[in-house]
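Me: I want the reasoning behind each label in this model. Take me through it step by step.

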Amino acid sequence: WNSTSDPPVGKAGICCAEMDIWEANSRAEAYTPHPCSVTGPYACEGTECGDNAKNDRYQGVCDKDGCDFNPYRMGDEDFYGRHQKFKVDSTKMLTVVTQFITSDGTDAGDLVDIRRYYIQDGVVIQNGNSSIAG
């Protein structure tokens, strides 16, 4: 461990799944899971950390880029943006609800789906649809 380095440098890293629940501005929005092939916090070294400097970014145990859901990129170009042209008008107040659906409906069940919807002006608006197969 070298605490005088900027940033500090050590031998091991820590890898864990991450969820970017709301990446947004007034023109675009997304949610992005970053899954890992290991469960829970994991002390890693070298390649399994996905070291960028050694071109090992995609060799690590976690997905650093993630798999985002952005309605516009998925083909729903009039879903989210500024003013009434869009289903969700980012110039108005809104509530964003993200649900994590498990196989057995409990908090401890296996995650099988992530769902998102919005509430604006008292209306529930389901997440944008994807026109991309897969």
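Reply: Start with strand β2 (residues 18-24) and strand β3 (residues 29-34), which are joined by five bridges and run antiparallel. The model is predicted.

Me: What makes β2 and β3 a pair?

Reply: The number of bridges. Pairing needs at least two bridges. β2 and β3 have five, so they count as paired. One of the matches is Glu18 in line with its bridge partner in β3, His34. The two strands form a hairpin, with four residues between them.

Me: Which strands form the open sheet, and in what order?

Reply: Three strands, in the order β7-β8-β9, with antiparallel pairing. The edges are β7 (95-102) and β9 (123-126). From one strand to the next, the twist averages 30°.

Me: Why are β7 and β9 called edge strands?

Reply: Each of them pairs on one side only.

Me: How do you know that β7 pairs with β8?

Reply: Count the bridges again. Eight join β7 to strand β8 (residues 111-120). The cut-off is at least two, so the pair qualifies. The strands run antiparallel. Two matches show the register: Thr95 has Ile119 as its bridge partner in β8, and Phe100 has Ile114.

Me: What makes β8 and β9 a pair?

Reply: Four bridges join them, and they run antiparallel. At least two are required, so β8 and β9 pass. Ile119 stands opposite Val124 in β9, and Tyr117 stands opposite Gln126. Ile119 therefore has a partner in two strands, as it is also the bridge partner of Thr95.

Me: Which residue takes a positive phi in the hairpin of β8 and β9?

Reply: Asp121, with a phi near 55°. That hairpin has two residues between the strands.

Me: Why is the link between the side chains of Thr98 and Arg116 called a polar contact?

Reply: Thr98 is in strand β7. Its side chain lies 2.8 Å from the side chain of Arg116 in this contact. The cut-off is 3.5 Å between N or O atoms, so the pair falls within it.

Me: What else does Thr98 touch?

Reply: Leaving out residues up to four places away in sequence, Thr98 touches Ile21, Ile114, Arg115 and Arg116. Contact here means heavy atoms within 4.5 Å. Arg116 is thus both a contact of Thr98 and its polar partner.

Me: How is empty space found in a model?

Reply: A probe the size of a water molecule is rolled over the atoms, which shows where space is left empty.

Me: What makes the largest cavity a cavity, and how many cavities are there?

Reply: In a cavity the probe fits but cannot get out. The structure holds one of 30 Å³ or more. The largest has about 60 Å³ of space, so it clears that 30 Å³ mark. Its lining includes Arg27, Asn70, Tyr72, Asp76 and Phe79. By class, the lining has five nonpolar, one polar and four charged residues.

Me: What lines the largest pocket?

Reply: A pocket is open, unlike a cavity. The largest holds about 190 Å³ of space. It is lined by 13 residues, with Lys11, Gly13, Gly46, Cys49 and Asp51 nearest its centre. The lining divides into three nonpolar, five polar and five charged residues.

Methods: Residues numbered from 1 in each chain as written. Predicted model: local features only at pLDDT ≥ 70, side-chain atom pairs only at ≥ 80, totals over all residues. Heavy atoms only, no water. Axes fitted to C-alpha atoms, helices over the stretch in contact; angles between N-to-C directions. Polar contact = N/O pair within 3.5 Å; in protein donor to acceptor, adjacent residues only side chain to side chain. 1 Å grid on protein atoms, 1.4 Å probe; cavity = no way out; pocket = protein on both sides within 12 Å on 5 of 7 lines; lining within 4 Å. Nonpolar A, V, L, I, M, F, W, Y, C, P; charged D, E, K, R; others polar.
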